[in-house]
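Below are my notes on the model you sent, set out as numbered points. Please read them with the coordinates open.

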Amino acid sequence: MSNNVTEKKWWQSAVVYQIYPKSFQDSNGDGVGDLRGIMERLEYLGKLGIDAIWLSPVCKSPQADNGYDISDYQDIDPMFGSVEDMEALIKEAKKHNIRIIMDLVLNHTSNKHRWFEEAKKSKDNPYHDYYVWRDGEEGVEPNDMKAVFGGSAWEWVPEIKQYYFHQFLPEQPDLNWENPQVRKEIYDMILWWMEKGVGGFRLDVIDQIAKEPDKKITINGPRLHEYFREMSKETFQKGDLITVGEAWGADPERAKLYSNPDGSEFSMVFQFEHIGLDQQEGKDKWDLAPLPFLKLKQIMNRWQTELYNCGWNSLFWNNHDLPRIVSRWGNDKEYRVESAKMLAILLHGMQGTPYIFEGEELGMTNVRYNIEDYRDVEIQNVYKERIAAGYDKEDVMNSIYAKGRDNARTPMQWDDTENAGFTTGTPWIKVNDNYKTINAKSQVDDPDSIFNCYRKLVSFRKEYPVLVDGSFKLLLAEDENIFAYERKNADETLLVVCNFYGNTVKMPLTEETEDMELLISNYKETEDSSVLRPYEARMYYKK
C-alpha cells in the first residue's frame, strides 16, 4: 500500500452498481435470480459503464433474513449457484472491466453455522467462546436489551443453561469479536475470497462488532476502530480493494476515521442521515412526513464539506432496503423521466463514489400490491402490528407503499415480454405491472432515456477530474425549490442546478453560468435559460 495519501485510488472515480441477486436475472427458470443470470447481463452493465458490482449476500444461508444470516462464509447458497459459478462471474466480469464486491456479514452468523452448532453443545467446546454468552436462569434475562427486529436480544439455550446475544433475529447469534480466534477465522476467510479475485467488500452493520451488551453498547463500542485497523492490516491492505462499511451510527467525525485516506480502515462508509428525513421526528420510518428540503441540503452539504480531503463519501439514493427514489422524492407519474434524471444529476455531481441500485438507471418505481403479495417479513410484521394497534388499514397500506423494502426487490424489468424477461418460471415476487413501458430494452438505444443519462454521468467521473477532487460549495442554501452547488479544483469549475419540484421557477444563477458549457440536462432543449421547468436539472462546466 502506498504511503502517498494524495495518490488517486481506482474507486475514487468508480461507480458501483448494486445487484439484489434474487431479483436481477433468473437463468434456470426457477423464479429466483442467480449468478449465471448476472453473467448473462454483463454486456448491459458494461454498456452502462460501471466499474464494480456489489452483490447483496450470496453466501450459504437458511435465508431467515435474506442471506444476512450466513451458515457458511466459504460457500455459495444453492439458490444462486456454486463457488464455481462465483469464480466464473468474477472472471467474466473482469473482461468487462467490472470488479465484484461481496456483501459480508461479520457481526453475526446463522444459528445453522457449524461454529454455532458446536458452540451450543457445551461451555467447554472450543467454539463456545465464538459467540456472546451470559449465565442466567430461564425467564431471567441478563438485561432488558431488545433486538432490532423486535423481542428480546437474549435467547435461552436449555442444554447449557446460558443465554446468547443476538442484535437481530434469534437465528442470527452475534459473534464475539473479543476472541482473537474468531478474528483470525474471519481474516482467513476474507483472504480466501481475495485469492479468488474478489474486488472488495461491503461490510454489513460493521459498527456493531465491538458491542458490550453488559453496558448496553451495541454501536461504536470502545474497541471498534482497533478491530477495523487490525482487519484492514491483515486483509484489505494486501490487495487493491474497495471496502465500504455500513454504519447507521456514523457521523462525519467517525466517518473520517472509517475512510481515512491512509487506508488504515475502509475506503468509505455508508451513512444514512439523509435517508431518515421523511419520517415524523422521533418515530419510525412508517410514520410518514414530507421531506424537509432545506434540511436535506444542509445534511448533504455537511457530509460533502466535512469529509473533503480527509475522508470519502458514498453517494446513494437507493438500496435493497429502501423505496425507489423516483417514487419517493421525485414524481413517478407525469414527470417520471425528468425527475429520475434530476435526482441522478444531483447526486452524481457530488464528491464520493456513487452507487446505482438495479433498475434505478431505468427509473423503476415503487409498487402497490395487496398485502398477501408482499414477501418481506418486515412488511408482514408491521401490517399485523399496526392493524392490531388500531391503525386505519388505508394508512398502514400507504406507509407500506411508500417505504416497504419490497419496492426495491421486485424483478428487474428487462423487456416487455412475460415477467419482464426476468424468468421463464413463476417469479418469487410479483413483477411491477408497469414493466411493459418501463424496461431496459426500450431505453438502451434511446439517447434521451434515463439509462443514457446515467451512462453519461458514469463516464463524466472518468473524464472530469473536478468530479473526483473538486471542493464542494452549496449555493442558494435557503431556496425552497432549488438544489444548487459548485465543485471546483485548480483548473475546473462545475455547477449543478436542480429544480427539486414540479413547478416552474426562476433560474437565479444565469450570470454565473454565462461562460460555462452545458454538460448535461434532463430536457432536450433549453428555450429560456432564465427559468427552470418542473424537475429541470443542469450541469455546467468550465475549464
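1. The hairpin of strand 7 and strand 8 has four residues between its strands, and one residue there, Lys-161, takes a positive phi near 50 degrees. As the model is a predicted one, I would ask the reader to take this backbone angle, like the other values below, as computed from predicted coordinates. Most residues other than glycine have a negative phi.

2. Strand 7, residues 154–157, pairs with strand 8 in the antiparallel sense over four bridges, and within this pairing Val-157 stands opposite Gln-162. Strand 8 also pairs with strand 6, residues 133–135, again in the antiparallel sense but over three bridges; here the bridge partner of Gln-162 is Asp-135. Gln-162 is thus placed opposite Val-157 of one pairing and is bridged to Asp-135 in the other.

3. Which residues of strand 8 are buried on each of its faces? Strand 8 spans residues 162–165, with Gln-162 and Tyr-164 buried on one side and Tyr-163 and Phe-165 buried on the other, and both faces are accordingly covered.

4. A second antiparallel arrangement involves strands 14, 15 and 16. Strand 14, residues 471–475, is joined to strand 15 over five bridges, with Leu-474 opposite Tyr-485, and the two strands form a hairpin with six residues between them, in whose turn Leu-476 has a positive phi of about 50 degrees. On its other pairing, strand 15 meets strand 16, residues 493–499, in the antiparallel sense over seven bridges; Ala-484 stands opposite Val-497 there, and the hairpin formed by these two strands has four residues between them. Strand 15 itself, residues 482–488, is mostly covered, with five of its seven residues buried.

5. The model also contains an open sheet of eight strands with parallel pairing, in the order 11-10-9-5-2-1-13-12. Strand 11 (268–270) and strand 12 (314–315) stand at the edges, and because each has a single partner strand, one side of each is left without a neighbour in the sheet. Within the sheet, strand 1 (residues 16–19) and strand 13 (residues 353–357) run parallel and are joined by three bridges, Tyr-17 having Ile-356 as its bridge partner in strand 13.

6. Two further residues with positive phi deserve a look in the loops. Val-205, in the loop between strand 9 (200–203) and helix 6 (224–234), has a phi near 25 degrees, a positive value in a residue other than glycine; Val-205 counts as buried because its relative accessibility is 7%, under the 20% cut-off. Ala-420, in the loop between helix 13 (406–409) and helix 14 (450–463), has a phi near 60 degrees, likewise positive in a residue other than glycine, and Ala-420 counts as buried at 0% relative accessibility.

7. Is Thr-510 buried, partly exposed or exposed? Its relative accessibility is 32%, so Thr-510 counts as partly exposed, and its place is in the loop between strand 17 (505–506) and strand 18 (517–521). When residues up to four places away in sequence are not counted, Thr-510 touches Ser-529 and Ser-530. Ser-530 is 20 residues from Thr-510 in sequence, yet the two are 6.3 Å apart in space, C-alpha to C-alpha.

8. For the chain as a whole, the secondary structure comes to 15 helices and 20 strands. The radius of gyration is 23 Å, which agrees with the value near 24 Å for a compact globule of 543 residues, and the C-alpha atoms fill a box of roughly 75 × 55 × 45 Å along the principal axes. Buried residues make up 60% of the 543 residues, and of the contacts with a separation of 6 or more, 69% are between residues 24 or more positions apart.

9. On the surface and the charges, the accessible surface comes to about 21,800 Å², of which 46% belongs to carbon and sulfur atoms. The chain has 66 positive and 93 negative charges, and the mean positions of the two sets are 1 Å apart.

Technical notes:
Residues numbered from 1 in each chain as written. Predicted model: local features only at pLDDT ≥ 70, side-chain atom pairs only at ≥ 80, totals over all residues. Heavy atoms only, no water. Buried < 20%, exposed > 50% of the residue type's maximum accessible area, 1.4 Å probe, protein only. Pairing = 2+ DSSP bridges. Contact = heavy atoms within 4.5 Å. Rg over C-alpha atoms; globule rule 2.2 N^0.38 Å. Areas by Shrake-Rupley, 256 points an atom, 1.4 Å probe, with all protein chains shown as cover. Lys, Arg positive; Asp, Glu negative; His and termini not counted. Charge placed at Lys NZ, Arg CZ, Asp CG, Glu CD.
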